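Hi,

Here is the structure I said I would pass on. Have a look at it first, and then read my notes underneath.

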Amino acid sequence: MAGKRAEFGMTGAGTPGAPVLDTCRDVVTPEGVSLRLPAAGPMPRALAWLVDFAVRGATFFAVSVVLGLLGKAGMGPLAIALFVIFWIYPIAFEALWNGLTPGKRLLGLRVVAGNGAPVGWLAAIARNLLRVVDMLPFGYTIGLLAGFADPWGRRLGDMVAGTLVVHTPRAAAPRAVAAQAAMASPVPLLPHEQAAVIAYAERAPRLGMERQVELAELASPWLGARGPVAIDRLHAIANGLLGR
């Protein structure tokens, strides 16, 4: 029975032998909670950076117009504004806004610590100051090479700071379990296994048919079915567990 349950992926993220179906980083927090962090690649990160660069550029232009009215007296404040806008901007946003900047939020990205915890001030400072190295010799060459070489797309700044940029898709509205005649499970299920079946039935409507089949067939050894039949049986078992 234990072997059959393991095949359904109920051993937890990061367990040796557990099936890996997504490109993500599996971590276990000090509290023993398993997390799956979907790492962002160079392209969405570059787009987020361009958005932030445009915001900073527009802000600096507006500030320079105002300070330009002061003549030479505005040169000092303009230099300070330049430093704040182009260096403090990403650090402050990431540390104070839970790993987000306007560009990252627009692209559905977030900076987190390597263990999935919120990014702190020291990590935000380190990863952003090391952009100087990642930008060498031009156009983020070193950063791009490091991102393509690293399994989780991290640039050197992320490696040193121990951070990771992950996708944070917008939460979809909960969906009801598909209408299906309830049935009992052919094998006894532990509480966490029952929760896994119910979670599958609730999330399946948001997945494509091939993905639904792929996940449902992980339970084939004890479910006794494959393909669309496995999907229907998991929905029926979930309805049975929910008392429907």
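Below is what I found in it, starting with the cores.

Before anything else, please keep in mind that this is a predicted model.

The largest nonpolar core has 19 residues. If you want a way in, look for Val197, Tyr200, Trp222, Leu223 and Leu234, which have the most contacts inside it. Four helices each give two or more residues to this core: H9 (191–203), H10, H11 (220–223) and H12. The top contributor is H12, with five residues. There is also a second core, separate from that one, made of eight residues, among them Ala48, Leu109, Ala161 and Val165.

Next, the pairing of H10 (residues 209–216) with H12 (residues 227–241). Their axes come within 8 Å and cross at roughly 70°, so H10 is roughly perpendicular to H12. On the H10 side, the contact is made by Met209, Gln212, Val213 and Ala216. H12 brings Gly227, Pro228, Ala230, Ile231, Leu234 and His235 to it. Sorted by class, that contact has seven nonpolar residues, three polar ones and no charged ones. Leu234 turns up twice here: it belongs to this contact and is also one of the core residues listed above.

Last, a single residue to click on: Asp150. You will find Asp150 in the loop between helix H7 (141–149) and helix H8 (156–161). Is Asp150 buried or exposed? Its relative accessible area is 10%, under the 20% cut-off, so Asp150 counts as buried. The Asp150 side chain reaches the backbone nitrogen of Trp152, at 2.9 Å.

Cheers

Key:
Residues numbered from 1 in each chain as written. Predicted model: local features only at pLDDT ≥ 70, side-chain atom pairs only at ≥ 80, totals over all residues. Heavy atoms only, no water. Axes fitted to C-alpha atoms, helices over the stretch in contact; angles between N-to-C directions. Parallel < 35°, antiparallel > 145°, perpendicular 65-115°, else oblique. Contact = heavy atoms within 4.5 Å. Nonpolar A, V, L, I, M, F, W, Y, C, P; charged D, E, K, R; others polar. Buried < 20%, exposed > 50% of the residue type's maximum accessible area, 1.4 Å probe, protein only. Polar contact = N/O pair within 3.5 Å; in protein donor to acceptor, adjacent residues only side chain to side chain. Core = buried A, V, L, I, M, F, W, Y, C linked by side-chain atoms within 4.5 Å.
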